[in-house]
Amino acid sequence: MAEVCVKGGFVLPSSRNLSRKGGVHCSLSPPSTIEIKDRSHKSDFSEGRLVFPVRRIRPLKPFVVSSPVPKGFTIGPKTMKWWEQGLQPNMREIESTQDLVDSLRNAGDKLVVVDFFSPSCPGCKTLHPKICKFAEANPDVLFLQVNYEKHKSMCYSLHVHVLPFFWFFRGAQGRLCGFSCTTQTIKKFKDALAKHTPERCSLGPTKGLDESVLLALAANKELNFSYTKKEEAEKEVSPAIPPLAPLSPVLASGSMEKGKELVSTER
């Protein structure tokens, strides 16, 4: 029979449950070694000593992978900017100079309000919710937003130097008025909207921006916009009609003689 003494290590609840006849006897003692005594047979290795080193388990370090974060990447829902909040179906932001020109030309007889704003303008931010309410109450009016920070060069050519600033356009009349207002002078915007909102029929094509403004935008080299004068465009489209040649004197005299013959025969 072999007797194994486990010294050190983990303490078992009871050593009696592990003892059987002819089996292995386990006894716990303080030293951290295990002694094996074999009594069943004689051998040169009657006694042995096994030593188990005690190792402490160290906590694993967190595995972190560093990678560059792409620009504009956000975790969770995207937060809307203040000029994107409360937008109505009849409100949209202008993307380029050509977009502004085309939007005004294609508006027909519809009233168009151009809203010049800046993300860093506190007055624009305060006035924005009220403009959205006006747009909701007037679904037939088109509201175009122009971000000053994105289109500084265009605003400079349009002579817009105060924010917030508004332009009113309609049909063949073109630009009706332009002014700046705040929350304290919002009555100016309300009165202009009530004055120009009633339906009317234009007798001519939609005008949009004045020709002088279009030429100023085309002269700005920073803008990807081109425009030609109406007179030059008409010359390119319609070919020049040559003037009528005068009748030769021979043909004229012949026609007169024929006319006299006809008169004499009738008599």
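This is a chat about one helix, one pocket and some salt bridges in a predicted model.

Trainee: Which residues of helix H5 are buried?
Mentor: In H5, which runs over residues 211-219, Val213, Leu214 and Leu217 are buried.

Trainee: Why are they on the same side of H5?
Mentor: Val213, Leu214 and Leu217 cover an arc of only 100° around the axis, which puts them on the same side of the helix.

Trainee: And what does the face turned away from the buried side carry?
Mentor: That face of H5 carries the exposed residues Ser212 and Ala219.

Trainee: What covers the buried residues of H5?
Mentor: The cover includes two other helices, H1 (97-105) and H3 (152-157).

Trainee: Switching to pockets. What volume does the second largest one have?
Mentor: About 190 Å³.

Trainee: Which residues line that second largest pocket?
Mentor: The lining is made of Arg105, Thr206, Lys207, Leu209, Asp210, Glu211, Leu214, Tyr227 and Lys230. Leu214 in that list is also one of the buried residues of H5.

Trainee: How many of the lining residues are charged, polar or nonpolar?
Mentor: Five are charged, one is polar and three are nonpolar.

Trainee: Which salt bridge do Asp210 and Lys207 form?
Mentor: Their side chains meet at 3.4 Å, N to O. Both residues belong to the pocket lining.

Trainee: Are those two buried or exposed?
Mentor: Neither. Asp210 is partly exposed, at 24% relative accessible area, and Lys207 is partly exposed too, at 42%.

Trainee: Why would such side chains pair at all?
Mentor: Side chains of opposite charge can pair when their charged atoms come close.

Trainee: How many salt bridges does the structure hold?
Mentor: Five. Among them is one between Lys150 and Glu93, whose closest N and O atoms are 3.6 Å apart.

Trainee: Which parts does that pair tie together?
Mentor: Lys150 sits in the loop between strand E7 (142-147) and H3, while Glu93 is in strand E5 (residues 91-93), so the salt bridge links parts that are 57 residues apart in sequence.

Trainee: Lys150 first, is it buried or exposed?
Mentor: Lys150 counts as exposed, because its relative accessibility is 57% and the cut-off for exposed is over 50%.

Trainee: And Glu93, buried or exposed?
Mentor: Glu93 is buried, with a relative accessible area of 17%. Buried means under 20%.

Trainee: What does Glu149 form a salt bridge with?
Mentor: Its partner is Lys152, and the closest N and O atoms are 3.6 Å apart. Glu149 is partly exposed at 37% relative accessible area, and Lys152 counts as partly exposed at 44% relative accessibility.

Notes. Residues numbered from 1 in each chain as written. Predicted model: local features only at pLDDT ≥ 70, side-chain atom pairs only at ≥ 80, totals over all residues. Heavy atoms only, no water. Buried < 20%, exposed > 50% of the residue type's maximum accessible area, 1.4 Å probe, protein only. Helix = DSSP H or I, 4+ residues; strand = E, 2+ residues; numbered from the N terminus. Arc of directions from axis to C-beta. Contact = heavy atoms within 4.5 Å. 1 Å grid on protein atoms, 1.4 Å probe; cavity = no way out; pocket = protein on both sides within 12 Å on 5 of 7 lines; lining within 4 Å. Points joined across faces, edges and corners; volume = space filled by probe spheres on them. Nonpolar A, V, L, I, M, F, W, Y, C, P; charged D, E, K, R; others polar. Salt bridge = Lys/Arg side-chain N within 4 Å of Asp/Glu carboxyl O.
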